[in-house]
Amino acid sequence: MDETAVLSWREVIEKHQTALAEEIAVRLDSQLQRAVLHAIERERAVAEENVTRARADARETTLRATAESLNQALRRLRQAANRPEALRFLAEGTGPWSTQVVVLAIEHDRATVTAARGLSLPVPELPAAFPIETAPALAAVFESRDPVTSLVSNTEISPLLASAFGGPAERKVYLFPVLERGMATAILAACGETAPAPLELLCEAAGMRLDGLAAEAAPTVTPLPNPVLVNIGGQVTPPAGPERRKWDELSPDDQQLHLKAQRMARVRIAEIRLQHADGLRKGAADGNLYGALCVQIDAARTEFLQAFLSKSPTMVDYLHLEILRSLAHDNDRILGEKYPGPMV
């Protein structure tokens with residue numbers, strides 16, 4: 001047998017075997033790549049699904065924890081027996097949403113620290129009160145009754161609060177009003193890591209609780225026996241006394257008139273507080289608010305008499321109640337001996 005022919009045949013077979021092996025290797029490699037890519041896609045889809053589920057679980061857990069914390073804080077506010085306790089509960093309830101908090105009570109244009117948490121200075125070391133005009137950011141909250149964002153600065157929030165919060169001056173401080181009958185009678189200042197939305201909600205709830213406490217403590221106005229009513233400028237005098245009815249017994253028109261009367265009383269007294277702060281301070285110090293503000297009080301009384309007391313036999317002298325609550329802080333002795341008292 002020709003040895004050359006045999007070798008050629010072997011070479012042909014080896015070539016075919018080599019080509020077949022390469023083809024098999026290519027096919028196996030392609031299948032392996034497809035399998036690997038398919039496995040990667042499958043694992044990626046599973047990972048994305050797990051991440052989505054984990055985010056949803058974390059969001060649900062966060063929402064549940066936030067709701068529980070808010071509910072607990074709101075429950076404590078509803079249980080507050082007096083004003084200082086309500087403001088203290090407000091400061092304590094802000095724990096999950098701010099690292100540093102100060103609650104200031106505003107009275108006679110002076111701010112007093114009533115509760116605090118997380119400060120660089122302990123509360124006993126803080127001054128009892130400071131004029132609100134020394135802190136333009138606080139004054140802006142008091143006047144506008146809207147939240148304000150400021151910087152931790154001596155010139156913006158007063159040297160007292162700036163030193164109490166500590167840290168760099170470029171930090172932000174969030175200021176929220178606590179509205180009691182439409183007026184900012186307290187301010188919450190929050191610094192550090194802060195979530196503004198829950199804090200604003202808590203301040204609204206605190207204001208509602210303060211309204212409730214004020215309503216519970218408000219004296220009942222009873223008609224004077226045989227009252228002597230004076231015609232002011234020839235205007236119509238009110239009836240001898242209001243018809244005492246429960247709110248549900250009032251007609252819808254009477255209810256609207258009462259709400260307008262309450263709003264007018266709050267607005268007029270708020271204007272007196274803002275525009276005649278010096279006279280208010282002097283009158284309070286002298287124990288004679290009416291003597292210091294008689295022109296403004298008489299003008300408000302005339303307006304209230306014409307607009308409301310003469311229009312409904314069920315009307316209450318809300319202006320007198322607001323004067324007593326907001327100007328005299330429920331201390332009728334500082335109104336002065338010449339204060340004419342309720343008009344009904």
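Let's begin with how far to trust what you see: confidence is lowest in helix α1 (residues 3-79), where the mean pLDDT is 72, and highest in strand β5 (residues 172-180), where the mean reaches 92. Keep in mind that this is a predicted model. Across the protein the pLDDT averages 79, and 80% of the residues score at least 70. One stretch needs a warning of its own: over residues 219-240 the pLDDT drops below 50, though the model still gives this stretch 35 contacts beyond near neighbours in sequence. Where pLDDT is low, the predicted coordinates should not be read in detail. So treat the 35 contacts of residues 219-240 with that caution, since low pLDDT means the coordinates are not for detailed reading.

Now to the sheet. How are its strands ordered? Walking across, you meet β3-β2-β1-β6-β5-β4, which makes an open sheet of 6 strands with antiparallel pairing. At the edges sit β3 (130-131) and β4 (148-151), and each of these pairs on one side only. As a reminder, strands of a sheet pair through backbone hydrogen bonds, either parallel or antiparallel. For a look at one pairing, take strand β1 (residues 98-107) and strand β6 (residues 183-194): they run antiparallel and share 7 bridges. If you want a landmark there, find Q100, which stands opposite C191 in β6.

Next, a pair of helices. Helix α3 (residues 136-144) packs against helix α4 (residues 154-165) with their axes 6 Å apart and an angle of about 105 degrees between them. That angle makes α3 roughly perpendicular to α4. Where do they touch? On the α3 side you'll find P136, A137 and L138, and these meet T155, E156, I157 and L161 in α4. Sorted by character, the residues of this contact come out as 5 nonpolar, 1 polar and 1 charged.

Further along the chain is another helix pair, α8 (residues 289-309) and α9 (residues 318-327). Their axes lie 11 Å apart, and the packing angle is about 150 degrees. Angles over 145 degrees count as roughly antiparallel, and α8 and α9 are therefore roughly antiparallel to each other. The crossing of α8 past α9 is right-handed. From α8, the contact uses L289, I297, A300, R301 and F304, while α9 brings Y318, L319, I323 and L327. What mix of residues does that give? The contact of α8 with α9 holds 8 nonpolar residues, no polar ones and 1 charged.

Methods:
Residues numbered from 1 in each chain as written. Predicted model: local features only at pLDDT ≥ 70, side-chain atom pairs only at ≥ 80, totals over all residues. Heavy atoms only, no water. Axes fitted to C-alpha atoms, helices over the stretch in contact; angles between N-to-C directions. Helix = DSSP H or I, 4+ residues; strand = E, 2+ residues; numbered from the N terminus. Parallel < 35°, antiparallel > 145°, perpendicular 65-115°, else oblique. Left-handed = near helix turned anticlockwise from the far one by under 90°. Contact = heavy atoms within 4.5 Å. Nonpolar A, V, L, I, M, F, W, Y, C, P; charged D, E, K, R; others polar. Pairing = 2+ DSSP bridges. pLDDT = per-residue confidence, 0-100.
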